[in-house]
Amino acid sequence: SRFIGAGHYRGMVDDPIFWKVMANNFWFALGTIPTSIGVALLMALWVNGRLPLRGLARMAYFTPTILPMVAVANIWLFFYTPQIGLLDQVGALFGARSHNWLGDPGTVMGCLIAMTIWKEAGFFMIFYLAALQALPPELEEAGRIEGASRWYFFRRVTFPLLMPTTLFVLINATINSFKLVDHLFILTKGGPGTSTFNLAVYSFEQSIASLRLGVGAATGVVMMVMLTLGSIVYLRVSGFGAEEKSP
């Protein structure tokens with residue numbers, strides 16, 4: 001073996017596919033992170049109220065989380081399959097033409113984003129639900145006495161108190177947006193072309209398929225550094241763990 005310094009990183013940076021993969025990961029994260037967190041919070045607020053059969057609703061929201069990733073990918077593969085898939089069958093009722101959802105670069109990323117939100121929102125909902133149930137009920141009573149509307153109380157009291165949970169969920173959602181592998185191999189294998197390649201799949205392809213083990217390892221290091229820096233930024237911006245200064 002011969003030490004080549006940053007040679008593997010130069011090979012990674014000089015590869016135009018690497019930058020395409022970075023863009024794919026950015027758009028995937030942008031589509032999944034805020035939406036899955038927002039949906040999870042809405043579901044938690046819904047099932048935390050006095051809802052008939054709320055136990056059944058909670059189970060229904062959480063069920064996608066416990067399904068194996070391969071099973072989830074095959075379920076959504078049935079949805080997206082041209083002509084015989086559920087989307088095309090419903091669309092045919094309204095006169096829409098059959099569409100290759102996973103074979104069209106314009107729709108494939110949206111399809112993966114929708115599947116990921118469906119899979120992860122129930123998991124994040126559990127954390128929000130636990131945080132909501134830990135809030136003192138006296139706060140809601142005080143807000144009701146003061147005449148605060150439900151939206152005002154949520155914006156001024158509930159949501160700020162949920163910030164530690166939101167930070168935890170945000171970090172987990174960011175990590176999950178970079179490690180999607182199982183779904184891609186079942187649904188697209190990174191295609192069409194490189195439309196759905198992400199950093200994890202790129203690292204695997206470089207290491208196993210192309211036998212460029214150094215480039216694959218360098219990609220893994222870059223991904224780890226990006227996630228670490230992102231987590232630090234989240235913590236700094238939120239002020240989590242900062243010491244309070246006495247006046």
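**Aromatic pairs, a surface patch and a cavity**

Phe159 is partly exposed in this predicted model, because its relative accessibility is 31%. Phe154, by contrast, has a relative accessible area of 17% and is therefore buried, the cut-off for that class being under 20%. By the rule applied here, the structure holds 13 aromatic pairs. Phe154 and Phe159 make up one such pair, with ring centres 5.9 Å apart and an angle of 45 degrees between the planes, an arrangement that counts as tilted. Elsewhere among the aromatic residues, Trp76 and Trp118 join Phe78, Phe79 and Tyr80 in one cluster.

Turning to the surface, a nonpolar patch of about 510 Å² is made by Tyr9, Val221, Met224, Val225, Leu229 and Ile232. The element that gives the most to this patch is helix 12, spanning residues 213-238, with five residues. Met224 is found in helix 12, and this residue counts as exposed because its relative accessibility is 52%, where the class begins at over 50%.

Now to the interior. Rolling a probe the size of a water molecule over the atoms shows where empty space is left. Across the whole structure, the search finds one cavity of 30 Å³ or more. The largest cavity has a volume of about 70 Å³. Its lining includes the asparagines Asn24, Asn25 and Asn198, together with Phe28, Phe197 and Met109. Leu112, Leu180, Leu184, Ser177 and Thr196 also line the largest cavity. Helix 2 (16-48) and helix 6 (108-134) each supply at least two residues of this lining, and helix 2 provides the largest share, with three residues.

Key:
Residues numbered from 1 in each chain as written. Predicted model: local features only at pLDDT ≥ 70, side-chain atom pairs only at ≥ 80, totals over all residues. Heavy atoms only, no water. Patch = residues over 30% accessible without salt bridge, like charges linked within 9 Å, V, L, I, M, F, W, Y side chains within 5 Å. Areas by Shrake-Rupley, 256 points an atom, 1.4 Å probe, with all protein chains shown as cover. Salt bridge = Lys/Arg side-chain N within 4 Å of Asp/Glu carboxyl O. Helix = DSSP H or I, 4+ residues; strand = E, 2+ residues; numbered from the N terminus. Buried < 20%, exposed > 50% of the residue type's maximum accessible area, 1.4 Å probe, protein only. Phe/Tyr/Trp six-rings, centres within 6.5 Å; stacked < 30°, edge-to-face > 60°. 1 Å grid on protein atoms, 1.4 Å probe; cavity = no way out; pocket = protein on both sides within 12 Å on 5 of 7 lines; lining within 4 Å. Points joined across faces, edges and corners; volume = space filled by probe spheres on them.
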